[in-house]
Amino acid sequence: MRIDAHIEKLLFDYNCVVVPGFGAFLAHGTSAAIDRATNTLVPPSKVISFNAQLSKNDGLLVSHIAKEKQLGYEELLKEVENVAQDWKERLAQGERIELFGIGTLWHNSEQRIQFQPEEKVNFLTASFGLSAFTATPIQREVIKEEVEELEERIPFMITPEKREQSSFRPWLKYAAVILLAVSLGATSYKTYGDLQEREVAAQQDAQQEVSRLIQEATFFESAPLELPAINIKVTKKQLGKHHVIAGAFREEKNAEKRVSQLKEKGYNAFYLGTNAYGLHQVAYDSFEDPKEALVFLRKVKAEDSRDAWLLSEK
């Protein structure tokens, strides 16, 4: 029995797919990136990894295969566990297991499972139709101006008459500097005086406005308003030890959405909380009596979903 096609299909919708007794394939979202070395633009995607520690069955993979093949849950669970045991034996013998569309598994020198994901498949549905492409860099021609060579070609001559006239230029420079300093000093003094006058006028206007508001203010004394006490009766749902589970979700918002859908159908659905793997569980209802829970489970499987299962607390 090949289950890699079912794992690949589930990775498009879920971030964690557990193979009971073997491990879990995890999907992590990554943003778009640019490879500077090859000028390649990679769209947003999901990176697939493998964790051998997460091997406890969460019901997702087995329920999906049972629904696709229209077979019993317990029967499919045994088949999936047999596949997991076969993978372990093949890896221990040094074989490489290639999972179509997912990646390759093998053992390293320390007999630990290594995983190389398939890079051609993008499991992020939001990036459907997008693929990596290589951009061609734009070549721009840079023109260098040969300034030194141009200056050497320009003739530059000074006659004796011009040298005599140029001897008076330093005095003209000094006179211009002195005149500019005097002008700046006068302008700065005038500007500073105007700013002081404006600041004083603004302070006076602000003081007059404050005085006006104080005079117009009205103060009064009154007793505080007393409101009658309201008694609200709150009824809290008493949960039993046996829960009929509708599903386990990686995102809490998906669990809340499922609760709303079940309530619209008339079920007493509620959010049960997270399990040991961080999945958010949704229950159809909760019972104290296990017999009532089993009767209700059969009814749900017949009327709503064959993927429902029973969770009993100790």
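**Exercise 1. How many of the 10 residues of α2 are buried?**

Solution. The structure is a predicted model, and the count below refers to that model. Step one is to list the buried residues of α2, which are Leu-60, Leu-61, Val-62, Ser-63, His-64, Ile-65 and Ala-66. Step two is to set this list against the length of the helix: seven of its 10 residues are buried, and α2 is accordingly described as mostly covered. Step three asks what provides the cover, and here the buried residues of α2 are found to pack against α1, β1 and α3. Just after α2, Gln-70 takes a positive phi of about 55°.

**Exercise 2. Describe how α1 and α2 cross, and state which residues meet there.**

Solution. Two packed helices are described by the angle between their axes and the distance between the axes. For helix α1 (residues 4-11) and helix α2 (residues 60-69), the axes come within 10 Å and cross at roughly 110°. Angles of 65 to 115 degrees count as roughly perpendicular, and α1 and α2 are therefore roughly perpendicular to each other. The handedness of this crossing is right-handed. At the level of residues, α1 contributes His-6, Ile-7, Lys-9 and Leu-10, which meet Leu-60, Leu-61, His-64, Ile-65, Glu-68 and Lys-69 of α2.

**Exercise 3. Is Ile-7 buried or exposed, and which residues is Ile-7 in contact with beyond its neighbours within four places in sequence?**

Solution. Begin with the location, since Ile-7 lies in helix α1. The relative accessible area of Ile-7 is 0%, and because buried means under 20%, Ile-7 is buried. Next, leaving aside neighbours within four places in sequence, the contacts of Ile-7 are Val-17, Val-19, Phe-25, Leu-61, Trp-87 and Ile-102. As a last step, take the C-alpha atoms of Ile-7 and His-64, which are 57 residues apart along the chain and are separated by 9.4 Å.

**Exercise 4. Classify the aromatic pair of Phe-22 and Trp-87, then do the same for Phe-25 and Phe-50.**

Solution. A pair of aromatic rings is described by the distance of the centres and the angle of the planes. A search of the whole structure finds seven aromatic pairs. One of them joins Phe-22 and Trp-87, with 5.1 Å centre to centre and 75° between the planes, which makes the pair edge-to-face. This pair links distant parts of the chain, 65 residues apart, with Phe-22 in the loop between β1 (16-19) and β2 (23-30) and Trp-87 in helix α3 (residues 73-92). Both Phe-22 and Trp-87 are buried. The pair of Phe-25 and Phe-50 is tilted, at 5.1 Å centre to centre and 55° between the planes. It too links distant parts of the chain, with Phe-25 in strand β2 and Phe-50 in strand β5 (residues 45-51), 25 residues apart. Phe-25 and Phe-50 are likewise both buried. Finally, these four residues belong, together with Phe-115, to one aromatic cluster.

**Exercise 5. Where is Gly-94 found, and is Gly-94 buried or exposed?**

Solution. The loop between α3 and β6 (97-99) holds Gly-94. With a relative accessibility of 60%, Gly-94 counts as exposed, the cut-off being over 50%. Along the chain Gly-94 and His-107 are 13 residues apart, and their C-alpha atoms are separated by 6.6 Å.

Conventions: Residues are numbered from 1 along each chain as its sequence is written. This is a predicted model: local features need pLDDT of at least 70, side-chain atom pairs count only at pLDDT 80 or more; totals for chains, interfaces and linings use all residues. Side-chain values use heavy atoms; hydrogens and water are left out. Rings of Phe, Tyr and Trp (its six-membered ring) pair if their centres lie within 6.5 Å; planes under 30 degrees apart count as stacked, over 60 as edge-to-face and the rest as tilted. Helices (H or I, at least four residues) and strands (E, at least two) are DSSP runs, numbered from the N terminus. Buried means under 20% relative accessible area, exposed over 50%, partly exposed in between (1.4 Å probe, protein chains only). Axes are lines fitted to C-alpha atoms, for helices over the stretch in contact, and angles run from 0 to 180 degrees between N-to-C directions. Angles under 35 degrees count as roughly parallel, over 145 as roughly antiparallel, 65 to 115 as roughly perpendicular and the rest as oblique. A crossing is left-handed if the near helix is turned anticlockwise from the far one by less than a right angle, and right-handed if clockwise. Contact means heavy atoms within 4.5 Å.
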